[in-house]
Amino acid sequence: MNKIVLITGASRGIGREVAKTLAQKGYQIIANYNKSEDQAKKLKEENINIDIYKADVSKRKEVHKMIQYIIERYHKIDILINNAGISESKVFTDVTDQDWNQMINNNLYSAFCTTQEVLPEMIKKKDGCIINISSIWGIVGSSCETIYSITKAGIDAMTKSLAKELGPSNIRVNSIAPGMIDTDMNKFYSNEEIKNIKEEIPLEKIGKTSDIAKCVNWLIEDEYTTGQVISINGGWVII
Ligand code: NAP
C-alpha cells in the first residue's frame with residue numbers, strides 16, 4: 001500500500017507544491033485546506049493520488065474529525081507535514097490579544113494539535129515521519145513579526161523535544177526553516193523591497209516552493225536524520 005501523507009495547508013504555496021511533488025512520486029496525499037476551496041478542488045482534479053479535506057487546523061474538533069476520516073479511509077498515516085500557517089507584520093506595541101491568539105492558534109497550536117492526534121497511530125506501528133515547516137525568523141528573530149517568530153521558534157523546540165521523545169518509537173521529527181519563498185505570503189512586498197531583499201541574499205534570489213518540496217522528499221526518504229532544523233534560505237541566514 002502507498003505511504004499515506006497528511007499535509008496541512010496544502011491548497012496554496014509551499015504545501016500545494018509539496019503535495020504535487022509527493023503525489024507524483026506515488027505517495028497518497030491528503031491535502032488539508034481551510035478557506036481556499038476552489039484551489040483545493042483544482043489540486044485534486046489535476047493530480048492523481050491527491051485527496052482533499054477541509055479543516056481549520058487551529059480547531060481541535062476539526063483536526064480530530066480529519067484524522068478519523070483518514071484512519072477510516074486509509075487505515076494509517078505514515079507521514080505528517082505541519083505546514084499550515086499565517087503571517088502578520090505589526091509593531092510589537094500594537095499587537096492585540098486577538099492577534100496573539102490568532103497567530104499562536106494558526107501556527108503553533110495547529111501543529112501541536114495535529115501531531116497529537118496523529119501520533120497514537122504512528123506509535124502503534126512504531127514508524128513515522130513528521131516534518132514541521134518553521135522559518136528563519138524563528139531562528140534569528142524578525143522586527144515587526146515578533147509573534148510569528150515566537151510561533152516558529154516554538155515549532156523548532158517542539159521538533160527537537162519530540163525527536164528525543166519519539167526516537168525509540170522509530171518516529172523521526174524534523175523542521176524545515178525556509179527563508180523567503182515566492183508564495184502569496186510575500187505578496188505584500190513591493191518590487192523595490194524584493195529587489196533590496198535579493199541584494200541581502202548571497203544566492204541573490206528568492207526561493208521557489210520546489211526548493212522546499214525537494215527537502216521534504218529527502219527528509220522522508222532519509223532514515224537517520226531527526227531533531228534537526230534545516231534552513232533553506234539562499235545563504236540569507238547562516239548559523
Ligand atoms: P501561503 O501561500 O499563504 O499558504 C498558506 C497555506 O496555509 C494555505 O494553503 C492556507 O489554506 C493554509 N492555512 C492557513 N491557516 C490554516 C488553518 N487554520 N487551517 C488549515 N489551513 C490553513 O503560505 P506559504 O508561504 O505557502 O507558507 C506555508 C508555510 O511555510 C507557513 O507555515 C509559513 O509560515 C512557512 N514559511 C513561509 C515562508 C515564505 O517565504 N513563503 C518562509 C518561511 C516559512 P487556505 O487558504 O485554504 O485557508
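In this predicted model, the side chain of N106 reaches the ligand: one of its N or O atoms sits 2.8 Å from a ligand nitrogen. Two oxygen contacts go with that one. The side chain of Y148 offers an N or O atom 2.6 Å from a ligand oxygen, and at N83 a polar backbone atom lies 2.7 Å from an oxygen atom of the ligand. On its own the ligand would expose 890 Å², and the protein buries 96% of that.

So much for the contacts; now the surroundings. The ligand's space is the largest pocket. Helix or strand elements that contribute two or more residues to the shell are α1 (13-24), β2 (28-33) and α6 (146-166). The shell counts 33 residues, and the closest are S11, S36, N83, Y148 and T183.

N106 has another partner besides the ligand. Its backbone oxygen lies 2.6 Å from a polar atom of the S110 side chain. S110 itself belongs to helix α4. Is S110 buried or exposed? It's buried, because its relative accessible area is 4%, and the cut-off for that label is under 20%.

On to the charged side chains. How many salt bridges does a search of the whole structure find? The search turns up 14. Here are some of them, with the closest N and O atoms in each pair:

| Pair | N to O distance |
|---|---|
| K76 and D78 | 3.0 Å |
| E199 and K195 | 3.7 Å |
| K3 and D127 | 3.9 Å |

Take K3 and D127, which form a salt bridge. This pair ties together distant parts of the chain, 124 residues apart: K3 is in the segment before β1 (4-7), while D127 is in the loop between α4 (97-125) and β5 (128-133). K3 counts as partly exposed because its relative accessibility is 38%. D127 gets that label too, with a relative accessible area of 28%.

The bridge between E199 and K195 is a local affair. Both residues are in helix α7 (residues 191-200), and they're four residues apart, so about one helical turn separates them. E199 comes out as exposed because its relative accessibility is 59%, with the line drawn at over 50%. K195, at 46%, is partly exposed.

K76 and D78 also pair up in a salt bridge, and here both partners are buried. Elsewhere, salt bridges join R12, D184 and K187 into a network.

Last up, a couple of backbone angles worth a look. Which residue has a positive phi of about 65 degrees although it is not a glycine? That's N49, found in the loop between α2 (37-46) and β3 (50-54). N49 is partly exposed, since its relative accessibility is 23%.

K126 is another non-glycine residue with a positive phi, near 50 degrees in this case. K126 sits in the loop between α4 and β5, the loop that also holds D127, the salt-bridge partner of K3. With a relative accessibility of 47%, K126 counts as partly exposed.

Terms used. Residues are numbered from 1 along each chain as its sequence is written. This is a predicted model: local features need pLDDT of at least 70, side-chain atom pairs count only at pLDDT 80 or more; totals for chains, interfaces and linings use all residues. Side-chain values use heavy atoms; hydrogens and water are left out. A salt bridge is a side-chain nitrogen of Lys or Arg within 4 Å of a carboxyl oxygen of Asp or Glu. Buried means under 20% relative accessible area, exposed over 50%, partly exposed in between (1.4 Å probe, protein chains only). A residue is near a molecule or strand if one of its heavy atoms lies within 4 Å of it. A polar contact is a pair of N or O atoms within 3.5 Å; within protein, one must be able to donate a hydrogen and the other to accept it, and residues adjacent in sequence count only if both atoms are side-chain atoms. Accessible areas come from the Shrake-Rupley method with a 1.4 Å probe; for residues, only the protein chains shown count as cover. On a 1 Å grid over the protein atoms alone, a cavity is a set of points where a 1.4 Å probe fits but cannot get out, and a pocket is an open set with protein on both sides within 12 Å along at least five of seven lines; lining residues have an atom within 4 Å of a point. A molecule sits in a cavity or pocket if more than half of its atoms lie within 2 Å of its grid points.
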